[in-house]
Amino acid sequence: MQGVYVVGVAPRVRWKHPQPMPAQGDTGTLTGVCLRPMRSRAVKGTYDVLPDAQPAWTQLERAATRVLGHAGMQRLTTPVFEHSEVFDRSVGESADLVVQKEMYRFEDRGGRSLTLRPEFTAGVLRAFVTHGMHTWPTPVKLWSLGPAFRAENVQRGRFRQFHQLNAEFLGLPSPLLDAEAIALLHDLLSALGLSDLRVKLGSVGDPEDRAAYNAYLRDALAPHAGELSANSRARLDVNPMRILDSKDESDQALLAGLDKPLDRLGPDAREHLDQVAQALSDWGIAFDMAPSIVRGLDYYRRTAFEIHAEGIGAQSALAGGGRYDGLVETLGGPPTPGIGWALGVERVFDAMREAGTLHTGAAKPDLYLVPMDDLAVTEAAELARSLRQRLTVTHAYTARKPAKGLKDADRSGARFAALRGERERATGVWTVKNLATGDQFESTTERLADTIDGTS
Ligand code: HAM
């Protein structure tokens, strides 16, 4: 007769430390090395991606591979640190990263100044120059995914190690490429299930427009410098345009009657912007003209844009980017126009969570093998190895009583448990239990994979 195994009531799980932790301030010595208590927390502004959060990353990577790949984009991976010069030459002296000293910079043993990337564009363009990509078919379209580092004030949506999915489109000055870049970003966010999106399109103009606008703003605001917030006062000299981004109410009141960057675009930048807008309209991508869009990095020329999500709080900018003609030259390459964007992975995940489209949950085994005597432990390990060609299989590493083994199987999240003891061995079978329905049956070792595949 077939035995019936049942899952017992799970006991309260109590966390036991494998070894007693030294009390705060305690020290010990181990082979002469002084041991201080470990700091058991991740560094402020950083976090661990636990197993149940991993599916979101797979979801993002798959969507990007499909949506961007179908547009002829290729994936590029660059190092997380570069010679500091790469960033010094590109992000610009008045960028927040520089002014607010947000870059993680260090000297290596050879005395070289290195910087953890605060963004991808500089490193991607450095790689473009290093590998002579200007000889590749134009436009060169590259996407990347990985961590970036900024020493910022930590809050919701603002981390010190965060992640960007970055895209660069190099080699053409055409407004069609700007529109394609923005449309692809929109397509990718849509593929991730986000629909409550606001595309803000603007232009920071050509360098001369920008200089003229900055001069205009400086003249207009200088008599009111005392009324500006401390931050904006500091920006008045370095980069007055960034004052437009201030959240301070009195700053905004002072700006109210003044021209916006879009009011003062030169004819070329204006025409370029109109063409980008036309293409987006033709493709049915809704956007708002943003007369005073300003970006935190100095390298932008002409097109600047952001995509915001409703409902995720103050840090609603999911992504941002723009055109940066001239930047490849600054990094020692041939004249190469380009445009790009980066999305903030944490913010996109936040928005996806709100929208209910984020994939979560740790991977679960199909089958958990429960050996009920010592011989079955070896049999389980061997069977697991052979079944892993087709199924996700885990097992207990010591003999288990049926109730305990089934409890383990349940905790693992497996769909099925298969038990083996003396009785099963005698007839060459495993007792299989469907952990969702409670159904129990016997299966030969040879048929086990088929049986489980068939019931999935
Ligand atoms: P960005 O606007 O500085 O642009 O960053 C792009 C996105 O990264 C932001 O919209 C935001 O979602 C995310 N992000 C930025 N800082 C943080 C942070 N501290 N914590 C969490 N998320 C953050 C760039 O980085 C440009 N390189 C984009 C680009 C590419 N322009 C041309 N090509």
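**Exercise 1. Two packed helices**

Determine whether helix 1 passes helix 5 in a left-handed or a right-handed crossing, and identify the residues that make the contact.

Solution. Step 1: helix 1 passes helix 5 in a right-handed crossing (the near helix is turned clockwise from the far one by less than a right angle; anticlockwise would be left-handed). The structure is a predicted model, in which local features need pLDDT of at least 70 and side-chain atom pairs count only at pLDDT 80 or more, while totals for chains, interfaces and linings use all residues. Residue numbers start from 1 along each chain as its sequence is written.

Step 2: helix 1 covers residues 54-69 and helix 5 covers residues 175-191; helices (H or I, at least four residues) and strands (E, at least two) are DSSP runs numbered from the N terminus. The two axes come within 10 Å and cross at roughly 145 degrees (lines fitted to C-alpha atoms over the stretch in contact, with angles from 0 to 180 degrees between N-to-C directions).

Step 3: helix 1 contributes Ala63, Ala64, Val67 and Leu68 to the contact, and helix 5 contributes Leu184, Asp187, Leu188 and Ala191 (contact: C-beta atoms, placed from the backbone, within 7 Å).

Step 4: by class, the residues of this contact are seven nonpolar, no polar and one charged (nonpolar: Ala, Val, Leu, Ile, Met, Phe, Trp, Tyr, Cys and Pro; charged: Asp, Glu, Lys and Arg; polar: the others, Gly among them).

**Exercise 2. The shell around the ligand**

State how many residues surround the ligand and which element gives the most to the shell.

Solution. Step 1: the ligand is surrounded by 27 residues (C-beta atom, placed from the backbone, within 6 Å of the molecule). The closest of them are Glu119, Phe162, Gly320, Gly340 and Gly344.

Step 2: two or more residues come from each of strand 8 (161-170), strand 12 (317-323), strand 13 (338-344) and helix 11 (345-355). Strand 12 gives the most to the shell, with six residues.

Step 3: the shell divides into ten nonpolar, ten polar and seven charged residues.

**Exercise 3. Domains and a loop residue**

Give the domain bounds and the separation of the domain centres, then classify Ala362 as buried or exposed.

Solution. Step 1: the domain assignment (automatic or from a database) gives domain 1 as 51-205 + 265-355 and domain 2 as 367-454. Taken over C-alpha atoms, the centres of domain 1 and domain 2 are 49 Å apart.

Step 2: Ala362 is placed in the loop between helix 11 and strand 14 (367-371). Ala362 has 11 C-beta neighbours inside 10 Å and therefore counts as exposed (12 or fewer other C-beta atoms, placed from the backbone, within 10 Å; buried needs 20 or more, and partly exposed lies in between).

Step 3: Ala362 and Leu50 are 312 residues apart along the chain, yet their C-alpha atoms are separated by 8.4 Å. Beyond four places in sequence, Ala362 touches Pro51 and Asp52.

**Exercise 4. His395 and Pro371**

Describe the surroundings of His395 and of Pro371.

Solution. Step 1: His395 belongs to strand 15 (residues 393-395), and Pro371 to strand 14. His395 is buried because 29 other C-beta atoms lie within 10 Å; Pro371 has 24 such atoms, so Pro371 is buried as well.

Step 2: outside four places in sequence, His395 is in contact with Tyr368, Leu369, Pro371, Ala380, Ala381 and Ala384. With the corresponding exclusion, Pro371 touches residues including His395, Ala380, Ala399 and Arg420.

Step 3: from C-alpha to C-alpha, His395 and Asp408 are 9.1 Å apart, with their positions 13 residues apart in sequence. Pro371 and Glu354 are 17 residues apart in sequence and 43 Å apart in space, C-alpha to C-alpha.

**Exercise 5. Backbone details in loops**

Locate the cis peptide bond between Thr138 and Pro139, and report phi of Arg302.

Solution. Step 1: the cis peptide bond joins Thr138 and Pro139, with omega about -5 degrees. Pro139 is in the loop between helix 4 (121-130) and strand 7 (140-149).

Step 2: Arg302, a residue other than glycine, has a positive phi near 60 degrees. Arg302 is in the loop between strand 10 (288-289) and strand 11 (303-309), and is buried because 29 other C-beta atoms lie within 10 Å.

Key:
Two residues are in contact if their C-beta atoms, placed from the backbone, lie within 7 Å.
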